[in-house]
Amino acid sequence: MVEGETQPRVFKLAIAALGGQGGGVLTQWLLNAAEASGFIAQATSVPGVAQRTGATLYYLEFFPRAGAEAAGADPVLALMPQPGDVDLVVASELMEAGRAMQRGLVTRDRTTLVASTHRVFTIGEKSALGDGLADSETVLQVARATARRLVALDMEALAREHRSVISSVVLGALAGSGALPFSGEACEQAIRASGRALERNLAAFEAGRARAAATAADPSSQSAPAPAEIASGEAFDPVPAPQNPRAKALMARISSEFPSTCANVLGIGVHRLVDYQNHAYAGLYLDRLLPILEQDSAARQHTLLGETARGLALWMSYEDTARVADLKTRAARFARVRAEVSGGGGSGGELMRIVDYLSPRVEEICGSLPTWLGAPLMKWSLTRRILQAFTGGRKISTDRFRGYLLMRAMARTRVWRLSSLRHREEDARIREWLDLLAELAPRDYGLAVEMAACQQLVKGYGETFERGLSRYRAIAETLPALKRGADPASAVRELRAAALADEEGGEFAAALARLCENHPGDAPQNAT
Amino acid sequence: MAERSFAREVELLRLTAGEEFRGEGILAVTKALLQSGVAYVAGYQGAPVSHLMDVLADAGEILDELGVRFESSASEATAAATLAASINYPLRGAVTWKSTVGTNVASDALGNLASSGVKGGALIILGEDYGEGASIMQERTHAFAMKSQIWLLDPRPRLDSIVTAVQQGFELSEASNTPVMLMLRIRACHLYGSFIASDNRRPPFTAADALAAPQRDPSRIILPPYTYEQEREKTEQRWPAAVRFIKERKLNEFIDGPESELGIVLQGGLYNGVLRALELLGLADGFGASRLPLYVLNATYPLVEEEFVRFAAGKRALLIVEEGQPEHIEQAANQFLRRDDLQTKVLGKGPFPMAGEYTGPVLKEGIRAFLEEFGPRLLNPVTEQPLLPAAQLASAVPERPSGLCTGCPERPLFSSLKLLQKEVGPMHVSADIGCHSFASLEPFNLGASILGYGLGSAAASALHTRGSKRPLSIMGDGGFWHNGLTSGISNAVFNEHDGVTIIVDNGYAAATGGQWIPSSEADAPRRTARLSIADAVRGVGVRWVRSLNTYDMKDTLKILREAMSTREKGPKVIVAQGECQLNRERRTRPLLNRLRKTGKRVARKHYGVDADTCTGDHSCIRLSGCPSLTVKPNPDPLRRAPVAAVDYDCVGCGVCGEVAHAAVLCPSFYHAELVDNPGAIERFMQGLRRVLIGFLQRRSQRKRAMAW
C-alpha cells in the first residue's frame, strides 16, 4: 500500500495481450508475487478461441490480507474491469494499448499505462494491396494524453535480445514502472519459482525492469522510436559519392541540369539503374526526365518531377528474371538471410542452406529472351506448350554450386536485356506514360502528378503484375472522360485508392462506373 | 488431454481437509466433485469447462484409488445419457459441457432423465458461454431448466461458494429426485482464487454394487402410462421438495440494507459485479455491505415465491439483475407479486439492456438508471471524467479477429480452396465448428453458414441439383466423431447427395485444447485411438474417398478439382490430414531439445522474404494469413508499400513457399535450413561452398563497385 493512505483499497490491474503471448503465465507470476507479498489475489480471463491470435484481456485484483483481517471480512473482488477504475494497464502490443484505452480502462486521474511499442499487425492491415498499416503515432499521442503515466518500450525487441518470451519482459516492465503494489523482488521470485528457462527469463525480466525504470524516471525518453520504424521510409538518404568517372558525370548532370530539391531521388534513380544495367541506361533515365522538368517549376516545388523520377526509376528497373537472380546471389543478400533467420529466439544453429522459390511462367521465359526469339515462341501455341514443361514451382539452392551458377547464368541474361521481349514491352509502356505526363502537365498539373503516382499500381510478378497493369491502363483510358469532369485529379486519386482497395476489383469497378457515369460511352471495357 | 501435462493441477485434487486450494474455478469444481463422493464423471470438452475434463483425464491414478469412473464422452448426448446410472441406483454422477450448444445436443437425454427422475444425485456442470469472448450463439441455459424441470444453480463467483454449490447440488438433486444444473460463466470458470479443501470421499455405492444387484423400476421408464405419472410427480412432488430444500438450506441469500424501500434481486453469478457497481456509486463498501437490500439467487430455478414476496413486501421498487433473454426471472417476479397483490414495481430489462452481457459498465449504468427513477437522493452528482480516447481511437485501432495459428495445417487447405475458387468460381461452402471456423474470417472468407458441431455436411443437404456446381462442406475430425459420421456422411450416402465434404483430420479436438479423439495418432492412455476416418467413411458406404496431406498444395488442388468434377455418384469425401501444429510442437519440442543437447544433428527450416524483390502487394498474405507472415517497412526509399516479412515465430511449415508456388506469386520467398550439430563432412562442404561462392560473390561485388 502507498504510505499515508488510511483505507486499504483494491488494486486493479488489466493485461491486454494477444493469444499466444503467454498472458496466462504472466498472470500466474503476478498472482504468486502478490500472494507472497501479503495480498489476497484474484484473476480472471476470457480465453477460449479468442486465444488463437486474437485480442485477450486478463484482469487481476489485489487486496492486502491485513486489511481484510482488520475488517473481519473478505473483500468482494470483481471479475471484470470498470472503465475509469483501473490502476495499472499493461499492453503487450501497441494497438492493444489502444484497445484498452478505447474501453476506457486508462484514465488521467489514476492509471499507469505500461505499453510495448512494437506492432503485431492485424490481418486487415497486412492484407492491403498497398500500405494498410494503422497509425501508431495517434495511439501513442492519445496514450500520452490519457494515462496518468505512460511507460512505453519495445518489449518484443528486449525479449528477442534475451532469447526469451515477451511475458518475462512485461513482468519486468511492470516491476520497473514502480506502479505495482508489491516489490520487483517478489516478481523476480515468482519467475524463479516457476523454474523454466530461468536464466533467459530472468535476463529478459531484468532488461524490462531496467528499461521501464529509466523510462519512468525520464519522461522525455517515452517517445519511443517505434513509430518512426513503422512508417514507410520516405527518407531519401543521398547515395554514396561516386568514384567511377562515368558515374561522376551522371551525378554532375543531376546537379547542373536538375533542381536541387530533387537531387536525392534522382541520385537514387541513377545509382539504381547503373546497378541494374549500365551508365548509358542511367543516362537515358535523366534524358527522359528533361521534358518533365521543362513542364515543371520551382513554384510547384517540382512535385511532378520528383514523383516521375521516383516512378521512372522503379519502372526502368522492372523486376525481370535477370534482376531477381542478380539480387539473390549477392553476398549482402546471403549475409542478410543469415542475420534474419538466426536473429530470433530458439537455438542458434548453423546456416546450411538457402533455398529460393521460383515459379517462372512462359511469359517470364520468353520475356527474358531476345525479342526475335521470344516473340514468336510466345505467339505459337506449340512452342508455348513445350515451354510449359519448364514452368512451375522450382526450388533452387542458391548457396550451393549448381544453384548459384544457375542463378548467375540467369543474372547474366542482362547483357541482352535491352533487346529482350520484356524490355520492348516495358519500354513502350514507359514512353507512353511519360508522353502522357508531358502532355497533361501544362494543362492540368495536378492531374499529371496524380498520373505519375499511378506508376505504383504497376508492380509485382505474374498475376499481381497483370492486375496492376490492367488497372493502371483502365485509369489511363478513362482520362478523356475524367477530363470532362470537374476535378480529374481527385478522380484519379480516388481511382488509385480503389485500385488498391481489393484484389477482386469490386471497388475499382464501382469507382470506375461512378466516375464515368456521365459519359457512359467512355468507360473502358473489361477493366478488372 | 493430449500433449499438455496437467500434473500440477492433478496434485491439487489430492489436497486433504484444512489445506488451501489455490487455482481456477473449474478445477475447484473438479475437486469438489471428489469431495462429494461422486461415483462417475463424464463430459464433452469445450471452453470454459475443458480443464475439468483435461485434469480428470490425467488423474487416472486418483480416480482409481477412489473408485470413480471417468469418461471423455463421444458427445454431450452421450454424457447426458451417462446420468441414467443415477435413475435406478444411489450413485452420484456429474457431467459437464459448454452451454447452450452442448445442452442442445444433450437435450433428448436430459428431457428423458428429468422425466424419469433420479435416485442418486445427478449434477450437470455447465460452462455458460455468454458475452465477451463467447464463440457460440447467444442463448440462456435457463430455458432448458424450465422446460425439463431441471433445477438451476448460479452461485456467487467465489471458489468457496462454487464448491459449496457442488455439494448442495447433489443434495438438492437427491432431496427432489431431480437432476441439477450448476451454471458457471466463463470468467467464473477461469477465476483464480482459493478455498479450504476437504478430504476426497469414496462413493458409498459403486457401479460394481449396481451391477451385482441390478435394479429395475417400471415407473421410471419413459413410456405411457408412466410418463403422465412422471409429469404429475414433477409438479406435485419434486418441485415442492426442491423449493423446500432451497428455503430450508438457505441457498439464496438476503443481505439487509438501510434503504429498505428499494431492493435488488440478482443472479448469484453476478454478485461481484453488482457489488462493485454499487461501490462505485457510493452505495456499498468493498466487503459486501450494501445500502440497498439484496436478494441473491444462488438457485435461479425453481424460484421460491415465498422468498420473493417476503423480500418485496414494503418496497416501492425491485430491480432484477438478470443476464440474457428472455427475462424469465423478471416475468416470474411479476407473476408472484400479482398473485400476492403487492404493488411493488418490478424493473429489470429497461434499466438494463435486453441483450448482451452485464459487463461492469452495463451493471453500473443499469443500477444508476433504476435509482434515478426511484432513489435519486442516493446518487452522487456525476463527477466522472469524460472518457476521451474512444472517439479519437475509433479509426486508429484495427480489429483483431482470431485466426489460425502459425504453422496450422488447415491454412494450406484453405489457401488451396481459395485457389480452387479462382479456377471454378465462387462455391457454396458449408462450414462447421472448430478451428476451421476461422476460415470464414479474413483472409479466407470461406463459409456461408455454421449450423453446429459436426453438421457442416448435413447443412448442405438441400443444396443438391443434378449438373450444377457441387456444394462443399467442411467438417472437423472432432465434429466427425461427435455426430458428423451419421448426421452428415451416412445421410449423404443414403440420400445420394452429390456434394463434397472435407474432413479436417488434425489428430485432436484442437479448438477445445487438443484433447484426444478416436482418430488421434498417439498412444492415449486409457483410451483406444488410431481409428481411421477413411475406413469409417467407407464403412458407411462412401465410394469416393481420398486422403491428402494439406501441406502438399499441388496434390490438394488436384484432388479438390477431381472431387468437384468426378462422374462418381454419391458423396465425395476428402480426409485432409495434417497434425495440429500447437500439439505437434508440444510433442516434438522436448524431443528435439534432447537430441540437440546430446549432440545429435537437428535441422530446422525458417522461411523468409527478400525485401529487395518483394514489391509490397501482399498477395501471399491474402492467400495464407499466417501470423508469422507479416509486413515491415520497405527498405527501398523509392517504394511506399510495406514489404512482406517472416517473423521469428516461423515454425518452418513451408506453407508460404507452397502458396508462392501454387499461386505462381513471386520469387521473393526463400527458406534457410539451420542445423545444430552438423556432421564433419557437412561442415567441410559448407566451408568449401562458402569459400568458392564467396570468391565469386566478391568478384562481382568488386565489378559493381567499380561501376559507381
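The buried residues of helix 21 of chain B pack against helix 18 (410-424), strand 18 (500-505), strand 19 (544-549), strand 20 (572-577) and helix 24 (655-662) of that chain. Here, two residues are in contact if their C-beta atoms, placed from the backbone, lie within 7 Å, while helices (H or I, at least four residues) and strands (E, at least two) are DSSP runs numbered from the N terminus. The model is predicted, with local features needing pLDDT of at least 70, side-chain atom pairs counting only at pLDDT 80 or more, and totals for chains, interfaces and linings using all residues. Residues are numbered from 1 along each chain as its sequence is written, and chains are lettered from A and ligands numbered from 1 in the order in which they are written.

Helix 21 of chain B deserves a second look. Its buried residues include B:M553, B:T556, B:L560 and B:A563; a residue is buried if 20 or more other C-beta atoms lie within 10 Å of its own, exposed if 12 or fewer, and partly exposed in between, with C-beta atoms placed from the backbone. Seen down the helix axis, the buried residues fall within an arc of 80 degrees, so they line one face of the helix; the arc is that of the directions from the axis to the C-beta atoms. The 13 residues of helix 21 (553-565) should span 18 Å at 1.5 Å a residue, and the end C-alpha atoms are indeed 18 Å apart. The expected span is 1.5 Å times one less than the number of residues.

Chain B as a whole has 25 helices and 24 strands. Of its 708 residues, 54% count as buried.

Two loops of chain B contain a positive phi in a residue that is not glycine. For B:N177, phi is near 50 degrees, and this residue sits in the loop between helix 9 (159-176) and strand 7 (180-185). B:N177 counts as buried because it has 22 C-beta neighbours inside 10 Å. For B:N677, phi is about 50 degrees, and its loop lies between strand 24 and helix 25. With 18 C-beta neighbours inside 10 Å, B:N677 counts as partly exposed.

Turning to the partner chain, 102 residues of chain B are in contact with 116 residues of chain A. On the chain B side, helix 25 (680-707) gives the largest share, 12 residues. Strand 7 (350-358) of chain A and strand 24 (669-676) of chain B run antiparallel and are joined by six bridges; strands pair if DSSP finds at least two bridges between them. One such bridge links A:E350 with B:V675.
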